[in-house]
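I opened the notebook on this structure today to look up a few points one after another. The entries below follow the order in which I took them.

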Number of protein chains: 2
Amino acid sequence: MNFSVSEENYIKSIYHLQQDTGLVNTNSLAAEMQTKAASVTDMLKKLAAKKILQYEKYKGFKLTENGKKVALTVVRKHRLWEYFLVEKLGFEWDKVHDIAEELEHISSSELIEKLQHFLGNPSFDPHGDPIPDSNGKIPRISQQNLTALPQGKAALVSSVTNQSPQMLEMLKHYKIAIGTSIRLLKKFDFDGSLEIKISKQPACVISEQIAKNIFVQL
Amino acid sequence: MNFSVSEENYIKSIYHLQQDTGLVNTNSLAAEMQTKAASVTDMLKKLAAKKILQYEKYKGFKLTENGKKVALTVVRKHRLWEYFLVEKLGFEWDKVHDIAEELEHISSSELIEKLQHFLGNPSFDPHGDPIPDSNGKIPRISQQNLTALPQGKAALVSSVTNQSPQMLEMLKHYKIAIGTSIRLLKKFDFDGSLEIKISKQPACVISEQIAKNIFVQL
DNA sequence: ATTTATTTTTAGATTTGTCTAAAATATATT
DNA sequence: AATATATTTTAGACAAATCTAAAAATAAAT
(Lines give C-alpha, C1' and ligand atoms only; values in the text may rest on other atoms or scores of the structure.)
Protein backbone atom coordinates (compact mmCIF):
# COMPACT_ATOMS: atom_id res chain seq x y z
CA MET A 1 0.00 0.00 0.00
CA ASN A 2 1.04 3.61 -0.57
CA PHE A 3 1.01 6.39 1.99
CA SER A 4 1.03 10.15 1.73
CA VAL A 5 3.71 12.23 3.42
CA SER A 6 1.17 13.26 6.01
CA GLU A 7 0.10 9.70 6.72
CA GLU A 8 3.71 8.60 7.06
CA ASN A 9 4.38 11.37 9.55
CA TYR A 10 1.41 10.35 11.68
CA ILE A 11 2.43 6.70 11.59
CA LYS A 12 5.96 7.56 12.62
CA SER A 13 4.84 9.76 15.51
CA ILE A 14 2.41 7.15 16.78
CA TYR A 15 5.21 4.60 16.67
CA HIS A 16 7.49 6.76 18.81
CA LEU A 17 4.75 7.58 21.31
CA GLN A 18 3.60 4.00 21.76
CA GLN A 19 7.17 2.93 22.52
CA ASP A 20 6.76 4.82 25.79
CA THR A 21 3.11 4.51 26.61
CA GLY A 22 1.64 1.44 24.92
CA LEU A 23 -1.66 3.07 24.04
CA VAL A 24 -1.52 6.55 22.53
CA ASN A 25 -4.13 9.24 23.05
CA THR A 26 -5.34 11.98 20.74
CA ASN A 27 -3.99 15.01 22.54
CA SER A 28 -0.46 13.75 22.97
CA LEU A 29 -0.30 12.92 19.28
CA ALA A 30 -1.65 16.36 18.46
CA ALA A 31 1.08 17.90 20.61
CA GLU A 32 3.78 15.74 19.01
CA MET A 33 2.60 16.64 15.49
CA GLN A 34 2.05 20.30 16.34
CA THR A 35 -1.52 20.19 15.10
CA LYS A 36 -5.05 20.15 16.51
CA ALA A 37 -6.89 17.24 18.12
CA ALA A 38 -9.63 17.43 15.50
CA SER A 39 -7.10 16.95 12.70
CA VAL A 40 -5.70 13.95 14.53
CA THR A 41 -9.12 12.33 14.83
CA ASP A 42 -9.67 12.77 11.09
CA MET A 43 -6.41 11.07 10.30
CA LEU A 44 -7.00 8.27 12.83
CA LYS A 45 -10.13 7.29 10.95
CA LYS A 46 -8.21 7.14 7.71
CA LEU A 47 -5.44 5.03 9.18
CA ALA A 48 -7.90 2.71 10.92
CA ALA A 49 -9.70 2.19 7.60
CA LYS A 50 -6.35 1.24 6.08
CA LYS A 51 -5.75 -1.32 8.86
CA ILE A 52 -2.77 0.61 10.15
CA LEU A 53 -4.34 1.37 13.51
CA GLN A 54 -6.25 -0.40 16.24
CA TYR A 55 -8.53 2.42 17.18
CA GLU A 56 -11.44 2.66 19.60
CA LYS A 57 -13.27 5.95 19.84
CA TYR A 58 -12.47 7.84 23.03
CA LYS A 59 -10.26 4.96 24.25
CA GLY A 60 -6.92 5.38 22.54
CA PHE A 61 -5.07 3.65 19.74
CA LYS A 62 -1.92 1.84 18.68
CA LEU A 63 -0.39 0.58 15.46
CA THR A 64 -1.26 -2.83 14.03
CA GLU A 65 1.61 -5.16 13.09
CA ASN A 66 1.30 -3.81 9.58
CA GLY A 67 1.39 -0.25 10.88
CA LYS A 68 4.56 -0.95 12.83
CA LYS A 69 6.19 -2.25 9.67
CA VAL A 70 5.37 0.96 7.84
CA ALA A 71 6.68 3.01 10.76
CA LEU A 72 9.93 1.09 10.79
CA THR A 73 10.60 1.66 7.11
CA VAL A 74 10.16 5.40 7.65
CA VAL A 75 12.39 5.34 10.73
CA ARG A 76 14.95 3.33 8.77
CA LYS A 77 14.99 5.86 5.95
CA HIS A 78 15.24 8.78 8.36
CA ARG A 79 18.23 7.35 10.19
CA LEU A 80 20.08 6.20 7.09
CA TRP A 81 19.70 9.66 5.57
CA GLU A 82 20.94 11.25 8.81
CA TYR A 83 23.97 9.02 8.68
CA PHE A 84 24.57 10.04 5.07
CA LEU A 85 24.24 13.73 5.85
CA VAL A 86 26.74 13.59 8.70
CA GLU A 87 29.24 10.99 7.50
CA LYS A 88 29.29 11.75 3.78
CA LEU A 89 28.21 15.37 3.41
CA GLY A 90 29.86 16.67 6.56
CA PHE A 91 26.83 18.16 8.32
CA GLU A 92 26.93 18.69 12.09
CA TRP A 93 24.84 16.02 13.76
CA ASP A 94 22.49 18.60 15.26
CA LYS A 95 21.63 20.11 11.87
CA VAL A 96 20.36 17.08 9.99
CA HIS A 97 16.99 16.34 11.53
CA ASP A 98 14.85 18.65 9.41
CA ILE A 99 16.47 17.59 6.16
CA ALA A 100 16.05 13.92 7.04
CA GLU A 101 12.37 14.66 7.77
CA GLU A 102 12.02 15.46 4.09
CA LEU A 103 14.28 12.73 2.72
CA GLU A 104 12.53 9.99 4.69
CA HIS A 105 9.52 10.30 2.38
CA ILE A 106 11.34 9.50 -0.86
CA SER A 107 9.53 6.37 -1.90
CA SER A 108 12.00 4.12 -3.77
CA SER A 109 12.93 1.06 -1.72
CA GLU A 110 15.71 0.24 -4.17
CA LEU A 111 17.19 3.63 -3.33
CA ILE A 112 17.26 2.93 0.37
CA GLU A 113 18.83 -0.51 -0.08
CA LYS A 114 21.57 0.96 -2.24
CA LEU A 115 22.06 3.83 0.19
CA GLN A 116 22.43 1.42 3.08
CA HIS A 117 25.06 -0.53 1.18
CA PHE A 118 26.89 2.65 0.13
CA LEU A 119 27.06 3.74 3.76
CA GLY A 120 28.53 0.39 4.81
CA ASN A 121 25.41 -0.98 6.52
CA PRO A 122 25.61 1.20 9.64
CA SER A 123 23.75 0.04 12.75
CA PHE A 124 23.36 3.39 14.49
CA ASP A 125 22.66 6.91 13.28
CA PRO A 126 24.67 9.98 14.35
CA HIS A 127 22.42 10.46 17.40
CA GLY A 128 23.13 6.91 18.53
CA ASP A 129 19.70 5.63 17.53
CA PRO A 130 19.57 2.10 16.07
CA ILE A 131 18.82 1.78 12.33
CA PRO A 132 16.22 -0.92 11.57
CA ASP A 133 17.27 -3.37 8.85
CA SER A 134 15.16 -3.95 5.73
CA ASN A 135 13.03 -6.46 7.65
CA GLY A 136 12.37 -3.98 10.44
CA LYS A 137 14.71 -5.66 12.90
CA ILE A 138 16.31 -3.20 15.31
CA PRO A 139 19.87 -3.79 16.56
CA ARG A 140 20.02 -3.92 20.34
CA ILE A 141 22.70 -2.46 22.52
CA SER A 142 23.11 -2.79 26.23
CA GLN A 143 22.75 0.81 27.17
CA GLN A 144 21.55 2.40 30.37
CA ASN A 145 20.43 5.80 31.42
CA LEU A 146 23.19 8.09 32.68
CA THR A 147 21.23 8.55 35.92
CA ALA A 148 21.46 4.78 36.51
CA LEU A 149 25.25 4.67 36.24
CA PRO A 150 27.01 3.76 39.54
CA GLN A 151 28.95 6.60 41.19
CA GLY A 152 32.59 6.73 40.16
CA LYS A 153 32.04 4.65 37.02
CA ALA A 154 32.80 5.89 33.51
CA ALA A 155 30.88 4.97 30.33
CA LEU A 156 30.53 6.07 26.72
CA VAL A 157 27.58 8.10 25.48
CA SER A 158 25.64 5.84 23.08
CA SER A 159 22.48 7.79 22.35
CA VAL A 160 20.52 10.91 23.14
CA THR A 161 16.74 10.64 23.18
CA ASN A 162 15.68 14.28 23.09
CA GLN A 163 16.92 15.78 19.86
CA SER A 164 15.41 19.23 20.12
CA PRO A 165 17.68 22.12 19.10
CA GLN A 166 17.56 23.27 22.74
CA MET A 167 18.88 19.93 23.97
CA LEU A 168 21.52 19.74 21.28
CA GLU A 169 22.64 23.25 22.13
CA MET A 170 23.14 22.15 25.73
CA LEU A 171 25.10 19.08 24.69
CA LYS A 172 27.33 21.18 22.53
CA HIS A 173 27.93 23.53 25.44
CA TYR A 174 28.96 20.66 27.68
CA LYS A 175 30.97 19.11 24.80
CA ILE A 176 28.97 15.90 25.02
CA ALA A 177 28.57 13.83 21.84
CA ILE A 178 28.06 10.19 20.87
CA GLY A 179 31.18 8.33 22.03
CA THR A 180 32.15 10.87 24.68
CA SER A 181 33.39 9.23 27.88
CA ILE A 182 31.57 10.39 31.03
CA ARG A 183 32.44 9.52 34.63
CA LEU A 184 29.69 10.00 37.20
CA LEU A 185 31.22 11.70 40.25
CA LYS A 186 28.24 12.53 42.45
CA LYS A 187 24.47 12.55 42.57
CA PHE A 188 22.71 15.40 44.34
CA ASP A 189 19.56 14.13 45.98
CA PHE A 190 18.11 17.62 46.32
CA ASP A 191 17.25 18.12 42.63
CA GLY A 192 18.63 14.96 41.03
CA SER A 193 21.44 16.85 39.31
CA LEU A 194 24.70 15.03 38.56
CA GLU A 195 28.33 16.01 38.85
CA ILE A 196 30.20 14.48 35.95
CA LYS A 197 33.70 14.44 34.52
CA ILE A 198 34.26 14.46 30.78
CA SER A 199 37.73 13.60 29.54
CA LYS A 200 39.90 16.72 29.16
CA GLN A 201 37.17 18.92 30.67
CA PRO A 202 36.83 20.23 34.22
CA ALA A 203 34.12 18.50 36.26
CA CYS A 204 30.66 20.02 35.86
CA VAL A 205 27.06 19.63 37.00
CA ILE A 206 24.16 18.78 34.72
CA SER A 207 20.46 18.80 35.54
CA GLU A 208 18.47 15.61 35.96
CA GLN A 209 16.42 16.65 32.93
CA ILE A 210 19.50 16.54 30.70
CA ALA A 211 20.84 13.36 32.26
CA LYS A 212 17.58 11.50 31.69
CA ASN A 213 17.99 11.95 27.97
CA ILE A 214 21.53 10.63 27.84
CA PHE A 215 22.18 6.90 27.47
CA VAL A 216 25.56 5.29 27.95
CA GLN A 217 27.23 1.91 27.67
CA LEU A 218 30.26 0.58 29.51
CA MET B 1 9.74 32.74 -1.90
CA ASN B 2 8.63 29.14 -1.34
CA PHE B 3 7.08 26.86 -3.91
CA SER B 4 5.05 23.68 -3.64
CA VAL B 5 6.16 20.49 -5.31
CA SER B 6 3.46 21.01 -7.90
CA GLU B 7 4.52 24.58 -8.62
CA GLU B 8 8.14 23.51 -8.99
CA ASN B 9 7.15 20.82 -11.46
CA TYR B 10 5.21 23.30 -13.57
CA ILE B 11 8.08 25.80 -13.49
CA LYS B 12 10.57 23.15 -14.56
CA SER B 13 8.40 21.91 -17.42
CA ILE B 14 7.78 25.43 -18.68
CA TYR B 15 11.52 26.03 -18.60
CA HIS B 16 12.24 22.98 -20.73
CA LEU B 17 9.48 23.79 -23.22
CA GLN B 18 10.47 27.41 -23.67
CA GLN B 19 14.04 26.35 -24.45
CA ASP B 20 12.65 25.00 -27.71
CA THR B 21 9.75 27.25 -28.52
CA GLY B 22 10.20 30.62 -26.84
CA LEU B 23 6.55 31.06 -25.94
CA VAL B 24 4.78 28.06 -24.42
CA ASN B 25 1.10 27.25 -24.92
CA THR B 26 -1.37 25.61 -22.58
CA ASN B 27 -1.93 22.33 -24.38
CA SER B 28 1.71 21.45 -24.85
CA LEU B 29 2.35 22.08 -21.17
CA ALA B 30 -0.67 19.93 -20.31
CA ALA B 31 0.76 17.13 -22.47
CA GLU B 32 4.21 17.47 -20.90
CA MET B 33 2.77 17.38 -17.40
CA GLN B 34 0.29 14.61 -18.21
CA THR B 35 -2.62 16.66 -16.94
CA LYS B 36 -5.59 18.60 -18.32
CA ALA B 37 -5.55 22.03 -19.92
CA ALA B 38 -7.93 23.37 -17.28
CA SER B 39 -5.53 22.41 -14.50
CA VAL B 40 -2.73 24.16 -16.36
CA THR B 41 -4.72 27.38 -16.65
CA ASP B 42 -5.39 27.32 -12.92
CA MET B 43 -1.71 26.97 -12.13
CA LEU B 44 -0.70 29.62 -14.69
CA LYS B 45 -2.78 32.17 -12.80
CA LYS B 46 -1.07 31.24 -9.56
CA LEU B 47 2.40 31.48 -11.05
CA ALA B 48 1.59 34.77 -12.79
CA ALA B 49 0.39 36.20 -9.45
CA LYS B 50 3.73 35.17 -7.95
CA LYS B 51 5.60 36.97 -10.76
CA ILE B 52 7.04 33.73 -12.04
CA LEU B 53 5.30 33.95 -15.40
CA GLN B 54 4.66 36.48 -18.13
CA TYR B 55 1.19 35.36 -19.04
CA GLU B 56 -1.38 36.77 -21.44
CA LYS B 57 -4.71 35.00 -21.64
CA TYR B 58 -5.09 32.98 -24.84
CA LYS B 59 -1.69 34.19 -26.10
CA GLY B 60 0.89 32.00 -24.40
CA PHE B 61 3.41 32.42 -21.61
CA LYS B 62 7.04 32.24 -20.57
CA LEU B 63 9.03 32.45 -17.36
CA THR B 64 10.18 35.78 -15.95
CA GLU B 65 13.85 36.18 -15.03
CA ASN B 66 12.88 35.21 -11.51
CA GLY B 67 11.00 32.19 -12.81
CA LYS B 68 14.03 31.03 -14.77
CA LYS B 69 16.13 31.23 -11.62
CA VAL B 70 13.70 29.00 -9.77
CA ALA B 71 13.65 26.56 -12.70
CA LEU B 72 17.43 26.40 -12.76
CA THR B 73 17.69 25.55 -9.07
CA VAL B 74 15.29 22.67 -9.60
CA VAL B 75 17.17 21.47 -12.69
CA ARG B 76 20.41 21.76 -10.74
CA LYS B 77 19.08 19.63 -7.92
CA HIS B 78 17.68 17.05 -10.31
CA ARG B 79 20.95 16.61 -12.15
CA LEU B 80 23.15 16.54 -9.06
CA TRP B 81 20.95 13.85 -7.54
CA GLU B 82 21.09 11.85 -10.78
CA TYR B 83 24.85 12.07 -10.66
CA PHE B 84 24.81 10.88 -7.05
CA LEU B 85 22.51 7.97 -7.83
CA VAL B 86 24.67 6.72 -10.68
CA GLU B 87 28.19 7.52 -9.49
CA LYS B 88 27.82 6.86 -5.78
CA LEU B 89 24.94 4.43 -5.39
CA GLY B 90 25.61 2.44 -8.55
CA PHE B 91 22.25 2.86 -10.30
CA GLU B 92 22.00 2.35 -14.06
CA TRP B 93 21.71 5.74 -15.74
CA ASP B 94 18.30 4.85 -17.23
CA LYS B 95 16.79 4.06 -13.82
CA VAL B 96 17.40 7.28 -11.97
CA HIS B 97 14.98 9.76 -13.48
CA ASP B 98 11.92 9.00 -11.35
CA ILE B 99 13.88 9.00 -8.10
CA ALA B 100 15.53 12.30 -9.00
CA GLU B 101 12.05 13.70 -9.71
CA GLU B 102 11.33 13.23 -6.01
CA LEU B 103 14.72 14.26 -4.66
CA GLU B 104 14.75 17.52 -6.63
CA HIS B 105 12.06 18.91 -4.31
CA ILE B 106 14.04 18.58 -1.08
CA SER B 107 14.27 22.19 -0.04
CA SER B 108 17.57 22.73 1.81
CA SER B 109 20.02 24.77 -0.24
CA GLU B 110 22.81 23.93 2.19
CA LEU B 111 22.18 20.29 1.37
CA ILE B 112 22.60 20.84 -2.34
CA GLU B 113 25.80 22.86 -1.91
CA LYS B 114 27.29 20.13 0.26
CA LEU B 115 26.12 17.45 -2.17
CA GLN B 116 27.75 19.26 -5.06
CA HIS B 117 31.02 19.46 -3.17
CA PHE B 118 30.81 15.80 -2.12
CA LEU B 119 30.33 14.79 -5.75
CA GLY B 120 33.41 16.78 -6.82
CA ASN B 121 31.56 19.64 -8.53
CA PRO B 122 30.50 17.72 -11.63
CA SER B 123 29.56 19.70 -14.75
CA PHE B 124 27.40 17.11 -16.48
CA ASP B 125 24.90 14.57 -15.26
CA PRO B 126 24.89 10.87 -16.31
CA HIS B 127 22.73 11.70 -19.35
CA GLY B 128 25.27 14.28 -20.49
CA ASP B 129 23.10 17.24 -19.50
CA PRO B 130 24.91 20.24 -18.05
CA ILE B 131 24.49 20.94 -14.31
CA PRO B 132 23.79 24.62 -13.57
CA ASP B 133 26.01 26.10 -10.85
CA SER B 134 24.59 27.74 -7.73
CA ASN B 135 24.17 31.01 -9.65
CA GLY B 136 22.24 29.30 -12.42
CA LYS B 137 25.10 29.42 -14.90
CA ILE B 138 25.10 26.48 -17.31
CA PRO B 139 28.40 25.01 -18.55
CA ARG B 140 28.61 25.03 -22.35
CA ILE B 141 30.09 22.32 -24.49
CA SER B 142 30.64 22.32 -28.24
CA GLN B 143 28.35 19.48 -29.14
CA GLN B 144 26.50 18.80 -32.35
CA ASN B 145 23.65 16.59 -33.38
CA LEU B 146 24.65 13.15 -34.61
CA THR B 147 22.79 13.84 -37.87
CA ALA B 148 25.08 16.83 -38.48
CA LEU B 149 28.29 14.81 -38.19
CA PRO B 150 30.24 14.57 -41.50
CA GLN B 151 30.25 11.10 -43.12
CA GLY B 152 33.20 8.96 -42.10
CA LYS B 153 33.92 11.00 -39.00
CA ALA B 154 33.85 9.59 -35.46
CA ALA B 155 32.78 11.44 -32.30
CA LEU B 156 31.89 10.74 -28.69
CA VAL B 157 28.31 10.73 -27.42
CA SER B 158 27.98 13.70 -25.07
CA SER B 159 24.26 13.85 -24.33
CA VAL B 160 20.89 12.34 -25.12
CA THR B 161 17.89 14.67 -25.14
CA ASN B 162 15.00 12.24 -25.03
CA GLN B 163 15.18 10.33 -21.78
CA SER B 164 12.01 8.30 -22.04
CA PRO B 165 12.27 4.64 -21.01
CA GLN B 166 11.53 3.73 -24.64
CA MET B 167 14.48 5.77 -25.89
CA LEU B 168 16.79 4.46 -23.19
CA GLU B 169 15.76 0.91 -24.02
CA MET B 170 16.79 1.55 -27.64
CA LEU B 171 20.12 3.00 -26.59
CA LYS B 172 20.81 0.00 -24.43
CA HIS B 173 19.98 -2.28 -27.32
CA TYR B 174 22.44 -0.48 -29.59
CA LYS B 175 24.97 -0.30 -26.70
CA ILE B 176 25.10 3.48 -26.95
CA ALA B 177 25.95 5.43 -23.77
CA ILE B 178 27.55 8.75 -22.81
CA GLY B 179 31.17 8.52 -23.97
CA THR B 180 30.55 5.87 -26.62
CA SER B 181 32.50 6.53 -29.84
CA ILE B 182 30.31 6.56 -32.96
CA ARG B 183 31.52 6.77 -36.57
CA LEU B 184 28.96 7.90 -39.14
CA LEU B 185 29.25 5.60 -42.16
CA LYS B 186 26.34 6.56 -44.38
CA LYS B 187 23.19 8.67 -44.47
CA PHE B 188 20.15 7.27 -46.25
CA ASP B 189 18.24 10.09 -47.90
CA PHE B 190 15.09 8.00 -48.22
CA ASP B 191 14.10 8.10 -44.54
CA GLY B 192 17.03 9.95 -42.94
CA SER B 193 18.28 6.82 -41.21
CA LEU B 194 22.00 6.50 -40.48
CA GLU B 195 24.45 3.66 -40.75
CA ILE B 196 26.87 3.90 -37.85
CA LYS B 197 29.81 1.98 -36.42
CA ILE B 198 30.27 1.69 -32.70
CA SER B 199 33.62 0.46 -31.46
CA LYS B 200 33.67 -3.33 -31.05
CA GLN B 201 30.18 -3.64 -32.56
CA PRO B 202 29.17 -4.56 -36.09
CA ALA B 203 27.87 -1.62 -38.15
CA CYS B 204 24.16 -0.95 -37.72
CA VAL B 205 21.41 1.36 -38.89
CA ILE B 206 19.50 3.71 -36.58
CA SER B 207 16.41 5.77 -37.43
CA GLU B 208 16.54 9.53 -37.89
CA GLN B 209 14.26 9.82 -34.85
CA ILE B 210 16.88 8.22 -32.63
CA ALA B 211 19.78 10.10 -34.19
CA LYS B 212 18.11 13.47 -33.63
CA ASN B 213 18.21 12.88 -29.90
CA ILE B 214 21.88 12.00 -29.77
CA PHE B 215 24.50 14.73 -29.42
CA VAL B 216 28.21 14.17 -29.91
CA GLN B 217 31.47 16.04 -29.63
CA LEU B 218 34.73 15.44 -31.48
C1' DA C 1 -16.17 36.38 -44.63
C1' DT C 2 -18.62 32.75 -42.61
C1' DT C 3 -18.45 28.51 -40.87
C1' DT C 4 -15.85 24.87 -38.63
C1' DA C 5 -12.40 23.23 -35.73
C1' DT C 6 -9.05 23.89 -32.20
C1' DT C 7 -7.39 25.93 -28.17
C1' DT C 8 -8.01 28.10 -23.89
C1' DT C 9 -10.56 29.63 -20.07
C1' DT C 10 -14.38 29.55 -16.72
C1' DA C 11 -17.65 27.45 -13.58
C1' DG C 12 -18.53 24.19 -10.48
C1' DA C 13 -17.33 19.68 -8.23
C1' DT C 14 -13.95 16.52 -5.78
C1' DT C 15 -10.13 14.96 -2.74
C1' DT C 16 -6.75 15.66 0.89
C1' DG C 17 -5.49 17.70 4.90
C1' DT C 18 -6.32 21.15 7.78
C1' DC C 19 -9.03 24.35 10.97
C1' DT C 20 -12.75 26.37 14.60
C1' DA C 21 -16.60 25.84 17.38
C1' DA C 22 -19.81 22.96 19.38
C1' DA C 23 -21.37 18.45 20.97
C1' DA C 24 -20.37 13.98 23.08
C1' DT C 25 -17.87 11.17 26.12
C1' DA C 26 -14.74 10.16 29.85
C1' DT C 27 -12.39 11.53 34.13
C1' DA C 28 -11.91 14.03 38.47
C1' DT C 29 -13.80 16.47 42.42
C1' DT C 30 -16.61 17.49 45.92
C1' DA D 1 -23.75 10.33 42.91
C1' DA D 2 -23.89 14.69 40.95
C1' DT D 3 -21.30 18.20 39.11
C1' DA D 4 -17.25 20.19 37.08
C1' DT D 5 -13.29 19.60 34.13
C1' DA D 6 -10.76 17.65 30.57
C1' DT D 7 -10.53 14.98 26.39
C1' DT D 8 -12.21 13.48 22.10
C1' DT D 9 -15.21 13.55 18.28
C1' DT D 10 -18.42 15.67 14.99
C1' DA D 11 -20.08 19.20 11.93
C1' DG D 12 -19.10 22.43 8.82
C1' DA D 13 -15.67 25.50 6.50
C1' DC D 14 -11.37 26.40 3.88
C1' DA D 15 -7.16 26.12 0.75
C1' DA D 16 -4.56 23.51 -2.70
C1' DA D 17 -4.60 20.91 -6.66
C1' DT D 18 -7.07 18.49 -9.55
C1' DC D 19 -11.08 17.17 -12.72
C1' DT D 20 -15.39 17.43 -16.24
C1' DA D 21 -18.34 19.95 -19.00
C1' DA D 22 -19.52 24.12 -21.02
C1' DA D 23 -18.40 28.75 -22.71
C1' DA D 24 -15.23 32.01 -24.89
C1' DA D 25 -11.53 33.18 -27.87
C1' DT D 26 -8.51 32.15 -31.60
C1' DA D 27 -7.09 29.80 -35.85
C1' DA D 28 -8.15 27.18 -40.07
C1' DA D 29 -10.93 25.95 -43.99
C1' DT D 30 -14.12 26.51 -47.31
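Entry 1. Is B:K62 buried, partly exposed or exposed, and how many other C-beta atoms lie within 10 Å? I noted before anything else that I am working from a predicted model. I looked up the place of B:K62 and found this residue in strand β2 of chain B, which covers residues 60-63. For B:K62 I found 17 other C-beta atoms within 10 Å; a residue counts as buried at 20 or more and as exposed at 12 or fewer, so B:K62 is partly exposed.

Entry 2. I then asked which residues B:K62 is in contact with, once its neighbours within four places in sequence are left aside. I listed B:Q18, B:G22, B:L23, B:V24 and B:Q54. For one of these, B:Q18, I also looked up the separation from B:K62, which is 44 residues in sequence but 6.7 Å in space, taken from C-alpha to C-alpha.

Entry 3. I turned to chain A and to its helices α4 (residues 65-87) and α6 (residues 109-118), whose axes come within 10 Å and cross at roughly 40°. Since angles under 35 degrees count as roughly parallel and those from 65 to 115 as roughly perpendicular, I entered α4(A) as oblique to α6(A). I recorded the crossing of the two helices as left-handed. On the α4(A) side I found that the contact is made by A:R76, A:K77, A:L80 and A:F84, and on the α6(A) side by A:I112, A:L115 and A:Q116. Sorted by class, this contact of α4(A) with α6(A) has 4 nonpolar, 1 polar and 2 charged residues.

Entry 4. How is chain A laid on chain B? I noted a turn of 180° with a shift of 0.0 Å along the axis, which leaves an RMSD of 0.1 Å; the two copies are therefore related as by a two-fold rotation axis. Of the residues of chain A, the one that comes closest to this axis is A:L103, with its C-alpha at 3.8 Å.

Entry 5. Last, I looked at where the chains meet, and counted 14 residues of chain A in contact with 14 residues of chain B. Both α5 (97-103) and α6 of chain A supply at least two residues each to the side that touches chain B, and the largest share, 4 residues, comes from α6(A). By class I entered this side of chain A as 8 nonpolar, 3 polar and 3 charged residues. Because 100% of the interface residues of chain A are also interface residues in chain B, I concluded that the copies meet through the same surface.

How values were computed. Residues numbered from 1 in each chain as written. Chains lettered and ligands numbered in written order. Predicted model: local features only at pLDDT ≥ 70, side-chain atom pairs only at ≥ 80, totals over all residues. Contact = placed C-beta atoms within 7 Å. Axes fitted to C-alpha atoms, helices over the stretch in contact; angles between N-to-C directions. Parallel < 35°, antiparallel > 145°, perpendicular 65-115°, else oblique. Left-handed = near helix turned anticlockwise from the far one by under 90°. Nonpolar A, V, L, I, M, F, W, Y, C, P; charged D, E, K, R; others polar. Least-squares fit on C-alpha atoms with pLDDT ≥ 70 in both.
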